[in-house]
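Visitor: I keep running into words like "buried" and "salt bridge". Could you walk me through how such labels are earned?

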Amino acid sequence: MDTLTKQYRPIPGAYPEMMHPDGTIRPHWQPMLNRLEDYGRDNVIVRWQRAQRSIRQNGVTYNTFGDPGDISRPWELDPIPLVISPDEWDTISTGLIQRAHLLNELLADLFGNQDLLTRAVLPPELVYANPAFHRSCCRISPPNRIYIDMLAVDLARMPNGEWRVLKDHTQAPTGAGYALENRLVVSRTFPSMYRDSRVQRLAGFFAELRARLSELSPRSGHAPRIVILTAGPDDETFFEHAYLARYLGYQLVQVNDLTVRQNKVYIKTLGGLKRVDVILRRQADLDCDPLAFDSNQGIPGLVEAAVAGEVVIANALGSGLAETPALLPFLPVLFRQLLGEEPLLQSVPTLWCGQPAELQQVIDNLDSWVIKPAFSHIREPAVFPGQLSPDQRTDLIGRMQANPKNFIAQESIPLSIAPCWFEGNLSPRHIILRAYVTATRNGWKVMPGGLIRTSIKADSMVVAMEKGGGSKDAWVIAKDEVSKISLLPQEGSELEVERPGETLPSRIADNLFWLGRYIQRAELQSRMLRTIMRRLTEETLPDGTPELSELLRALAVMTEQKPEACIIEAPIANMDATIRYIYDVIYDSEHPNNLYRALQQSVRIGIMVRDRISIDTWRILDRMDHQLRRSSLDIPSMLDELLMILAAFSGLGYESMTHGYGWHFMDMGFRMERATMNAIFLRELLTHPSDYEEPVLDAVLEIASSAITYRTRYQTRASILPLLDLLLKDPANPRGIAFQLELIHEHIRILSNLPRDGQITEQILAHDLIRLVERFDLNEARRMDQNSERHILNGLLNEIINRTQELSNLVTERYLAHVEPTQQLFTLVGGNLQDGEGVR
Amino acid sequence: MIYRLRHRTTFEYSQPVTFVYNLLHLKPRDVPWQAGHASKLTVLPEPVVLNEYRDYFGNIATYCAVEQKHEAMRVLIESEIEVLSRPAPQTGGTPWEQSQAELRTLRGPAGTDAFQFCFDSPLLPYLEETRQYALGSCAPGRPVHELAMDLMQRIHSEFEYDPSSTTVTTTVAEVLSHRRGVCQDFAHLMITCLRSLGIAARYISGYIQTTPPPGKQRLRGADASHAWVGVFCPRNGWLDLDPTNNKPANEEFITIGWGRDYGDVCPVKGMLVGGGEHKVKAEVDMIPEQEYLQMQQQQQ
């Protein structure tokens, strides 16, 4: 590897991780570099390209979901790990353990009798003016007074080689899952390099974490149910939540999946309520309980459940207080006061500007500091005063003097540098290390490794994933043999059989049910629109297209508009008005129930259930989203393309999704929508016979996609009786109503396997609905309705619409009703009391 | 003076609701000039969980959860409370400019307890406009309590009491610019003013006695929840002032509890699961014991 390391030049002033200042390689890097050299540059390039492809592919499922349009932002990983020697790691670990102990004691004091404040060890502002101090958390006493079950610490290395702390993460530390993924990718890509470097394994740490969480369970003698609480797909680290849930074998839930009943926490599943014992949360304190905290989000009653000891939340609610940046300058004193020890691991020199002398000290020598927010709730980036214009500088000083307590200053130190793989060469980048500590029965344990984050450029000190920086694996070299621990079940241990699907969160089933409905709604509206467009634009019969007005009226009913909204006299003559109307039905984003809305809702729900649908299905939703945003003027081609996409979605849904309860809900939604919408448009188009019935019948066959079936079967012109038989009664026509009813009945039969009472009601209803259509005698109806409006047919179709709705309500009520939103009740003080309105 | 207090809150929903989680601040806390003789809380439908505790500020809080289908929830508190007269505000005292510095030197739980009321709270962020308004009461060297009394008097005379002007979500900035509001708004405004000067101020929730017009019968449910302000004068302790009525709190005031702002001591805060609209109705009767006994006799 001479060729690679030879060109590598460290950056003056920064500690070089890989080499001594004289340019010789540090010994603990040597085995890794030797193996890298054995692969050779070209081989490394090829292997790494393959690895990046696999990251991207996983990335599609495991990515940040912030923007639905952006589904393939890959995780940035560098192939060259940071290598750390065993002795050095020992020093870091001891310091981290001491720090975890300290931060925990700090929380115990501040949520306890606050000696640190009454004895004036800490300025009271750091607690009382700190929104992270949640007073309601004082009532919670976590098991064994451990507030921090998992801690993450950002470390930077000073030019003299000493590691220093930049920041603590005590609330819901992120990144351990990314570290694990990095390890998997690098070790798989360079197996011999990994094997021969004697790298300490990460799995042991996660085994400890899992053991820890099980121990926390308040119910002894039960296998604990542990869940990971995520803020949802919008969270930037959602990938990691889903990843850790899979790796640790826990269910991933959102606040709406949980409910508090009689001070106990339950997850709302299709199989009913399941008790939750331990919550590993990735949700901020503030968003956990709207009753206890000043927020609209969360699970009402969660704090009470925690106070009652019926559920344990890790990290404890309120633990975010310890990561307040303004605490950093006071930690050395706290080490002495709370532990009676000197700190083994120092923080980067930090001043809190809330003290007049410190503020002056910072302003006097502004360029040697990095200015950061003093409290976690202030979301502003770090400022490097040296890079500011004179105006910006004056502005910064003004802001600091106006509100000094909101700022800290950290000494600007050059971060150490490590080699990164860049266009086939090693190139230096600044790095910071995020290390992890977990509580265990036998004290704190440190993850041997961590997440390395790298700067974007060699000359930039900005190290942040959201700014486009990268990441690395951290290899801690073992002193002796590497011990092997895997989280996979040991051979011989019993496999616990779970009945699949029963624990599916009701929220997911609800989402899938509506996804099915909206997809089908979009399809039928598109078909209707396409039929109308054809009649508008293609060559017409000499007498015009008399059925067009009828079709427009039916479209209005299907999109739930007021009838007068669409009455366009002579649609062909008023072509412009007609096209404008149709354009609105497609694209108007204010419309309550048009095609735009159906597609938008499909995409929105698709994002929410993204971890439940296949990658291909997700891609289809993404294309749908693009169609939506494009606002094409070529409506016929747009509709053609959209119908292809929708058909692909239905096909994939059938083929690539496990036919578990989730799928049954989705298909049931699909079928209920199709039965209802078909009944509506048959009612609108067929129950008032007119002189131009034949073109109307042709249009109906076209919309119902049954024209070919009809012609091969009857080989005559369209006429009402055979058409009704095909679209209403024929159980073999997948577009017809009878077919939908059969499937709805089947879905309901399968759902009745879920442990609920009274399910027989909807089974009877579904069965009756099938019989109702079966027994409907077309000929007799025709005789009775002779020469008049088709009242009997109208009655039947209305019956189908109403009963399907009733069925939908029953199923929703039975399985999904507890997925309701919460709202706040308030009383007013003074004034309006007599007849005050509650504020939602 | 002994009072019979009855405060009934009714929530009516447009659709039945099954789960409601409530946090109540309705029982009077003990303070040196006030003693609760009896207090009875009734929640209907019957809650499955009811837990009474002292909150961080020492108030009596009640958590309760209702878990059955209902169309209306009723919360009734009936208390018998004796209120004694309080010492008149002291003269002399800390000049306002030194308030925070003096507060900082106070040690022990009482000092740090007062200190927490100097800072922004969730509903009351710092506002430059309120500081400007407050400076109108800031003659140099003026003692904290005199400044506070002046501020109270100014708010009372310059702001109009107007129940139609505000809701629970009205901000201090809106109150300041419209110059109108109700007791809660005036209390919030005065607290924000005092805090902008570095003075500790807290929000007090309770009731005030009303007198029926001469010759008229007391109307049932005509009283209301009330809110006023506690100001901390480092040398003399807490001074309670009511900007709505321009007077220090006296025997006519029943104290329920205090906090940084309304959010800490909201009489009834609830979360319900389900859709639909809801309506709130509250009736308060605060009747002096003697009058109460007379009414009882008349009824018999």
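Visitor: Why is Thr18(B) called partly exposed?

Guide: Thr18(B) has a relative accessible area of 24%. Buried means under 20%, exposed means over 50%, and partly exposed is what lies in between, worked out with a 1.4 Å probe on protein chains only. So 24% puts Thr18(B) in the partly exposed class. Before we go on, this is a predicted model, where local features need pLDDT of at least 70 and side-chain atom pairs count only at pLDDT 80 or more, while totals for chains, interfaces and linings use all residues. Residues are numbered from 1 along each chain as its sequence is written, chains are lettered from A and ligands numbered from 1 in the order in which they are written, and side-chain values use heavy atoms, with hydrogens and water left out.

Visitor: Where does Thr18(B) lie, and what does Thr18(B) touch?

Guide: Thr18(B) lies in strand β1 of chain B. Strands (E, at least two residues) and helices (H or I, at least four) are DSSP runs, numbered from the N terminus. Not counting residues up to four places away in sequence, Thr18(B) touches Val66(B), Glu67(B), Gln68(B), Lys69(B) and His70(B); contact here means heavy atoms within 4.5 Å.

Visitor: What makes Thr5(A) count as buried?

Guide: Thr5(A) has 15% relative accessibility, under the 20% limit, so Thr5(A) counts as buried. Thr5(A) is found in helix α1 (residues 2-7) of chain A. Leaving aside neighbours within four places in sequence, Thr5(A) is in contact with Met18(A), Ile25(A), Leu33(A) and Leu426(A).

Visitor: How do you know that Arg104(B) forms a salt bridge with Glu125(A)?

Guide: The closest N and O atoms of the two are 2.4 Å apart. A salt bridge is a side-chain nitrogen of Lys or Arg within 4 Å of a carboxyl oxygen of Asp or Glu. An Arg, a Glu and 2.4 Å fit that rule, so the label holds. The count between chain B and chain A is 1 salt bridge, and the structure holds 62 over all chains.

Visitor: And what makes Lys247(B) and Glu252(B) a salt bridge?

Guide: Their side chains meet at 2.7 Å, N to O, so the pair passes the 4 Å test. Lys247(B), at 25%, and Glu252(B), at 27%, are both partly exposed.

Visitor: Which residues of salt bridges that share partners are joined into one network?

Guide: Arg35(A), Asp38(A), Arg195(A) and Asp196(A).

Visitor: What about Arg535(A) and Glu547(A): are their side chains buried or exposed?

Guide: Arg535(A) is buried at 12%, and Glu547(A) is buried at 5%. Their side chains meet in a salt bridge at 2.9 Å, N to O. Arg535(A) lies in helix α15 (residues 506-537) and Glu547(A) in helix α16 (residues 547-558), so the pair ties together parts that are 12 residues apart in sequence.

Visitor: Why are β10 and β11 of chain B said to stand at the edges?

Guide: The sheet is open, with 5 strands in the order β10-β9-β8-β7-β11 and antiparallel pairing. β10 (247-248) and β11 (253-259) each have a single partner strand, so one side of each is left without a neighbour in the sheet.

Visitor: How do you know that β9 and β10 of chain B pair?

Guide: Two strands pair if DSSP finds at least two bridges between them. β9(B) (residues 237-242) and β10(B) are joined by 2 bridges, so they pair. Asp242(B) has Lys247(B) as its bridge partner in β10(B).

Visitor: What makes strand β14 of chain A mostly covered?

Guide: In β14(A) (residues 417-422), 5 of its 6 residues are buried. β14(A) is joined to antiparallel β15(A) (residues 425-440) by 6 bridges, and the two form a hairpin with 2 residues between them. Cys420(A) stands opposite Ser427(A) in β15(A).

Visitor: Why is His430(A) called buried?

Guide: His430(A) has a relative accessible area of 3%, so it falls under the 20% limit. His430(A) lies in strand β15 of chain A.
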